[in-house]
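I opened this entry to look up how the aromatic rings pair, and then to see what lines the largest pocket.

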Amino acid sequence: MSHIDDESSDLGMAGQSKLESFLFSCELSSKVPFYTFQGDEEEDLEHFLELRTICLGEGAKEESNVVEVMAMNHQGKSISVPIANLHLSCLPMVSLGEFELKAPVTIRLKAGTGPVTVSGLHLIASQVEDSDLSDDDDDDDDDEEEEISPIKPAKKKQKQ
């Protein structure tokens, strides 16, 4: 989500966005087979879930544990996609890189009894006002001008 630090067309040409990240984790098992990630209902905030790893927990059995995510596609329809098939003896953990989904997202243990831990980042994008940016930029420019000194040429050694 590299566009989040630059001007974003979703937020309008006048503003830039600010990105905050928080650690995310949930455990799925036969007792708790799904977790739904939803952001706050504030207007200026967008919530994303960036999944990084899925691993079997202590006490997992020799069985296939299939984890799937349910989220909205580009047409606004809910779709389910399996993202991991873990097995204790051959694949106890999978790294997803930076698998990013916009809230709401449901993570479900489709097969197996777990426990399976899903971890990643909860990303919150918010719009930064232009007045906030210009005030900060002015202060930074003044500081930079004071700290920069002119470059002096190196002195040549004279041969003796």
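Before listing any cluster I fixed the criterion: rings of Phe, Tyr and Trp pair if their centres lie within 6.5 Å, and planes under 30 degrees apart count as stacked, over 60 as edge-to-face and the rest as tilted. I also note that the model is predicted.

**Aromatic rings.** With that criterion I looked up the ring pairs and found that the structure holds two aromatic pairs. For Phe 24 and Tyr 35 I read ring centres 5.6 Å apart and planes at 55°, so I entered the pair as tilted. Phe 24 lies in strand 1 (residues 16-28) and Tyr 35 in strand 2 (residues 34-37), so this pair ties together parts that are eleven residues apart in sequence. I then looked up the second pair, in which the rings of Phe 24 and Phe 37 have their centres 5.9 Å apart and their planes at 80°, so the pair is edge-to-face. Since Phe 37 lies in strand 2 and Phe 24 in strand 1, the pair ties together parts that are 13 residues apart in sequence.

I recorded Phe 24, Tyr 35 and Phe 37 as one aromatic cluster. On exposure, Phe 24 is buried at a relative accessible area of 6%, Phe 37 is buried as well, and Tyr 35 is partly exposed at 34%.

**Largest pocket.** I noted a volume of about 180 Å³ for the largest pocket, and its lining includes Gln 38, Asp 40, His 47 and Lys 102. Strand 3 (residues 45-56) gives the most to this lining, with three residues. By class, I entered the lining residues as five charged, three polar and three nonpolar.

Note on methods
Residues are numbered from 1 along each chain as its sequence is written. This is a predicted model: local features need pLDDT of at least 70, side-chain atom pairs count only at pLDDT 80 or more; totals for chains, interfaces and linings use all residues. Side-chain values use heavy atoms; hydrogens and water are left out. On a 1 Å grid over the protein atoms alone, a cavity is a set of points where a 1.4 Å probe fits but cannot get out, and a pocket is an open set with protein on both sides within 12 Å along at least five of seven lines; lining residues have an atom within 4 Å of a point. Grid points are joined across faces, edges and corners, and a volume is the space filled by probe spheres set on the points. Helices (H or I, at least four residues) and strands (E, at least two) are DSSP runs, numbered from the N terminus. Ala, Val, Leu, Ile, Met, Phe, Trp, Tyr, Cys and Pro count as nonpolar, Asp, Glu, Lys and Arg as charged, and the others, Gly among them, as polar. Rings of Phe, Tyr and Trp (its six-membered ring) pair if their centres lie within 6.5 Å; planes under 30 degrees apart count as stacked, over 60 as edge-to-face and the rest as tilted. Buried means under 20% relative accessible area, exposed over 50%, partly exposed in between (1.4 Å probe, protein chains only).
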